[in-house]
Amino acid sequence: MIEVKNLVKQYGNHAAVDDLSFTVETGKVVGFLGPNGAGKSTTMNMITGYIAPTSGIVLIDGVDMEEEPEQVRKNIGYLPENPPLYPDMRVREYLYFVAELKKVPRKDRDVMVNEIMNRTKIVDVSERLIRHLSKGYKQRVGVAGAMMGYPEILILDEPTVGLDPNQIIQMRELIRDLSESHTILLSSHIMQEISAVCDEIIIINEGKMIACDTPDNLTMHMASNGLHLVIKGDVPVIKGALRTVSGIKNVVYDEQMEEETLGLTLYSIDKKDLREDVFFALAEAGCPILEMHRQETTLEEAFIALTKGGSRQFGGKKTAEKQTKPEDEKEEE
Ligand SMILES: Nc1ncnc2c1ncn2[C@@H]1O[C@H](COP(=O)(O)OP(=O)(O)OP(=O)(O)O)[C@@H](O)[C@H]1O
């Protein structure tokens, strides 16, 4: 089981991960979904102990990553966004190298390398140089490396990025197969990718969690909850009035607006019916609603709307308090 509690990663005054908490139960496949720059890789790097959090804790099967990194890492196989494959090594040679790095006992290596190559379907390229492999095969070699030592947990950062449709299907099948014997956290910026293989989806944007549920519940709650409004009045007054309404998760503004009006769509992810509260708040602010209607949106559209930067436009907090950058992180930027 993976438990992430109040995780924060601060780069200078920018919070790449901002107070993130979630749990991945044993045996589940959980998708980590968010647009580019949402903080997926940073979170995964903290879960796997590659970078230290600014604050917060990661527990793997109840053991604190910061206190017992060696013990915890044994239980985790990690496919980073750019797997560190050695292009001049042959596939089999590389996997023996990984087995050695992961301190797999010498007597177990032959069986483990062969079993993992079978499972990831890379036996036919076992003697090829990694540099000559297609992107799809390279990713599978990366997954094979992550599986070495038989960790119970697999963390896969964008395993399908850059793959063609056939390779995506093969990777999906591999993840499904692995899910029978592993706890998996995988990231993607594509909703479809994640809903196809995951028991649960965590959606993050600007380092914060904005939704966490099963694909079915997300479809039920997020899709079709947009409320489109055309409001007459001063923009700051309208925004101020909407801030007094509880339950608004995000606001996306229309690109084209008539003079003296503001067009926008409100999203609430908890199925809350915002219509009455919005009506009274705008009436009190003296801003007439010219139009109001519920919008039918697909899950994909709702995800895009929720992560389009709307929370920032709405005045959401983008960065945590200023902090001095630690010395050891300066060269990372
Ligand atoms: N070493 C670093 N120094 C400074 N800022 C960083 C560093 N690593 C990541 N960031 C910033 O933190 C934010 C989150 O980045 P991260 O790579 O975790 O996002 P992501 O969701 O994985 O996106 P992508 O899918 O593009 O990889 C981004 O704004 C990024 O620019």
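Biologist: How many strands form the open sheet with mixed pairing, and in which order?
Modeller: Six strands form this open sheet, ordered β6-β7-β8-β3-β9-β10. Strands here are DSSP runs of E, at least two residues, and helices are runs of H or I, at least four, numbered from the N terminus. Two strands pair if DSSP finds at least two bridges between them.

Biologist: Which are the edge strands?
Modeller: β6 and β10 (208–213) are. Each of them pairs on one side only.

Biologist: Before we go on, where do the numbers come from?
Modeller: This is a predicted model, where local features need pLDDT of at least 70 and side-chain atom pairs count only at pLDDT 80 or more, while totals for chains, interfaces and linings use all residues. Residues are numbered from 1 along each chain as its sequence is written, and side-chain values use heavy atoms, with hydrogens and water left out.

Biologist: Fine. How do β6 and β7 pair, parallel or antiparallel?
Modeller: Parallel, over four bridges. β7 covers residues 153–156. G77 stands opposite L154 of β7.

Biologist: Which helix packs on that sheet and touches β3?
Modeller: Helix α1, residues 40–47. It touches β3 (29–33), β6, β7, β8 (183–188) and β9 (200–205). Contact means heavy atoms within 4.5 Å. The direction of α1 makes about 155 degrees with that of β8. Axes are lines fitted to C-alpha atoms, for helices over the stretch in contact, and angles run from 0 to 180 degrees between N-to-C directions.

Biologist: And what does α5 touch on the sheet?
Modeller: α5 packs against β6 and β7. Its direction is about 160 degrees from that of β6.

Biologist: New topic. Which way do β1 and β4 run, parallel or antiparallel?
Modeller: Antiparallel. Five bridges join β1 (residues 2–11) to β4 (residues 55–60). In one place, V4 stands opposite V58 of β4.

Biologist: How many bridges pair β4 with β5?
Modeller: Two, in the antiparallel sense. β5 is residues 63–64. There, D64 is the bridge partner of L59.

Biologist: What sits between those two strands in the hairpin?
Modeller: Two residues. D61 in this hairpin has a positive phi near 50 degrees.

Biologist: Now the four-stranded sheet. What is its order?
Modeller: β12-β13-β11-β14. This sheet is open and its pairing is antiparallel.

Biologist: Why is one side of β12 left without a neighbour in the sheet?
Modeller: β12 (250–253) stands at an edge with a single partner strand, so one side has no neighbour in the sheet. The other edge is β14 (289–295), and that strand also has a single partner. On average, neighbouring strands of this sheet are turned by 20 degrees against each other, direction ignored.

Biologist: How many bridges join β11 and β14?
Modeller: Six, with the strands antiparallel. β11 spans residues 226–232. H228 has H293 in β14 as its bridge partner.

Biologist: Which strands does α9 lie across?
Modeller: β11, β12 and β13 (261–267). Helix α9 is residues 235–243 and runs at about 20 degrees to β13. Helix α10 (residues 275–284) also packs on the sheet, touching β11, β13 and β14. Its direction makes about 165 degrees with that of β14.

Biologist: On to pockets. What volume does the largest pocket have?
Modeller: About 840 Å³. On a 1 Å grid over the protein atoms alone, a pocket is an open set of points with protein on both sides within 12 Å along at least five of seven lines, a cavity is a set where a 1.4 Å probe fits but cannot get out, and lining residues have an atom within 4 Å of a point. Points are joined across faces, edges and corners, and volume is the space filled by probe spheres set on them.

Biologist: Which lining residues are closest to the centre of the largest pocket?
Modeller: Y50, R73, I76, L101 and K102, out of 30 that line it. Several elements supply at least two lining residues each, including α3 (91–101), α4 (106–119) and α5 (135–147).

Biologist: How many cavities of 30 Å³ or more does a search of the whole structure find?
Modeller: Two. The largest holds about 40 Å³ of space. β8 gives the most to its lining, three residues. Among its lining residues are P159, R172 and E193. The second largest cavity has a volume of about 30 Å³. There β4 supplies the largest share of the lining, three residues. M46 and D64 are among the residues that line it.
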